[in-house]
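Some labels given to a structure rest on a cut-off, and it helps to see how each one is reached. The questions below take up such labels one at a time.

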Amino acid sequence: MNRFLFILLLSSFCFSQTSIDNAEAFIAKKEFVKAQSEMTAFLRSNPNDLKAIELLGDAYGHQKKWDEAIEQYQVLKQKRPQNANYHYKYGGALGMKALSISKIRALTIIGDVKDSFHKAAQLDSNHIDARWALVELYVSLPGIVGGSFSKALNYAEQLEELSKVDGYLAKGYVYEYDDEPELAEKYYRLAIKIGGSVTCYDKLTEFYEGQEQPEKAIGNIEEAKDKHQRNAMHYQIGKVCADYNIQLDKGEAMLKVYIENHSAQDGVPKEWAYYRLAQIYRHRNNSKEALVWIDKAIAGLPDIDVFHEFKATL
């Protein structure tokens, strides 16, 4: 009898793990509807499985079904009120909902968003994502509803204690939005010096573009390209050259290298490189060649409005 119960429990456990593994695999492949279906069915007979509830919330979140995601995460934090990550996910879903509704309605839930992130940070002194969320929240909110650069910097300091790179990136972010570009550049540079990841370089490139400093942006991308040897950086250089009408020969060369070596891992479809080449040829007053490249872009991605708008200007 005991052996029978053991086999029964083992088979039930295996079924549970198979469903959970399936849902995780679906999410990894961005098949979020399938993950939702898998966990919805599983939870009918296992309504208290916390991992399944979390995965269902994640599946809803990836589909931007914020109310449904909020409902799942609320169940989790009620069942495990001391779990920092459940509070963080609940606050994140609430925050995304706030961005999708009117500003007046959003004001009614901002307090709950902030409380959830604070609770996550309080429960877990090492929770980096919760502190990043608070940095971004305090920077983005107007002062009249609780925004505060000083509070954002406080959480950036906490991040620096946990991770130098995250702390420097957070400080760069705060100073960028507090209109202190020299300090922002300093901390983005420090992040590159300490971490040197593609993300660190991307943040500094975005900063330079936001400051209308394309030459510095190109120099930063070239430094990143030499270090990381990624084809996507050829496109980034070409994009900046095309957008700002500078170093057009370099931009053309970089875009053609990108197209020649393009793969799905590069992220940006090669049709966008065709579009950037069309921009470069228009800058050179060569409308005929520009038309060739924009037609190639439209042939590959016919539903991109900006391609058609560009062609209408030739």
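**Cysteines and salt bridges in a predicted model**

In this predicted model, a search of the whole structure finds 0 disulfides.

Q: Why is C200 called buried?
A: The relative accessibility of C200 is 0%, and buried means under 20% relative accessible area, so C200 counts as buried.

Q: What makes C241 count as buried?
A: C241 is also computed at 0% relative accessibility, which is under the 20% cut-off, and therefore C241 is placed in the buried class.

Q: How many salt bridges does the structure hold?
A: The structure holds 19 salt bridges, among them the pair formed by E223 and R189.

Q: Why is the contact of E223 with R189 called a salt bridge?
A: The closest N and O atoms of E223 and R189 are 3.5 Å apart, and because the definition asks for a Lys or Arg side-chain nitrogen within 4 Å of an Asp or Glu carboxyl oxygen, the pair qualifies. The two residues belong to distant parts of the chain, with E223 in helix 12 (residues 214-228) and R189 in helix 10 (residues 181-194), 34 residues apart.

Q: Why are E223 and R189 described as partly exposed?
A: E223 has a relative accessible area of 33% and R189 has a relative accessibility of 31%; partly exposed covers the range between under 20% and over 50%, so both residues take that label.

Q: How do you know that K250 and E222 form a salt bridge, and which parts does the pair tie together?
A: The closest N and O atoms of K250 and E222 lie 2.8 Å apart, within the 4 Å limit, so the pair counts as a salt bridge. Because K250 lies in helix 14 (residues 248-260) and E222 in helix 12, the pair ties together parts that are 28 residues apart in sequence. K250, with a relative accessible area of 29%, and E222, with 24%, are each partly exposed.

Q: What makes D243 and K239 a salt bridge, and where do the two residues lie?
A: Their closest N and O atoms are 3.2 Å apart, which is within 4 Å, so the pair of D243 and K239 meets the definition. Both residues lie in helix 13 (residues 232-244), 4 residues apart, about one turn of the helix. D243 is partly exposed at a relative accessible area of 34%, and K239 counts as partly exposed at 23% relative accessibility.

Q: Which residues do salt bridges that share partners join into one network?
A: Such salt bridges join E157, E160, K164 and K171 into one network.

Terms used:
Residues numbered from 1 in each chain as written. Predicted model: local features only at pLDDT ≥ 70, side-chain atom pairs only at ≥ 80, totals over all residues. Heavy atoms only, no water. Disulfide = S-S within 2.5 Å. Buried < 20%, exposed > 50% of the residue type's maximum accessible area, 1.4 Å probe, protein only.
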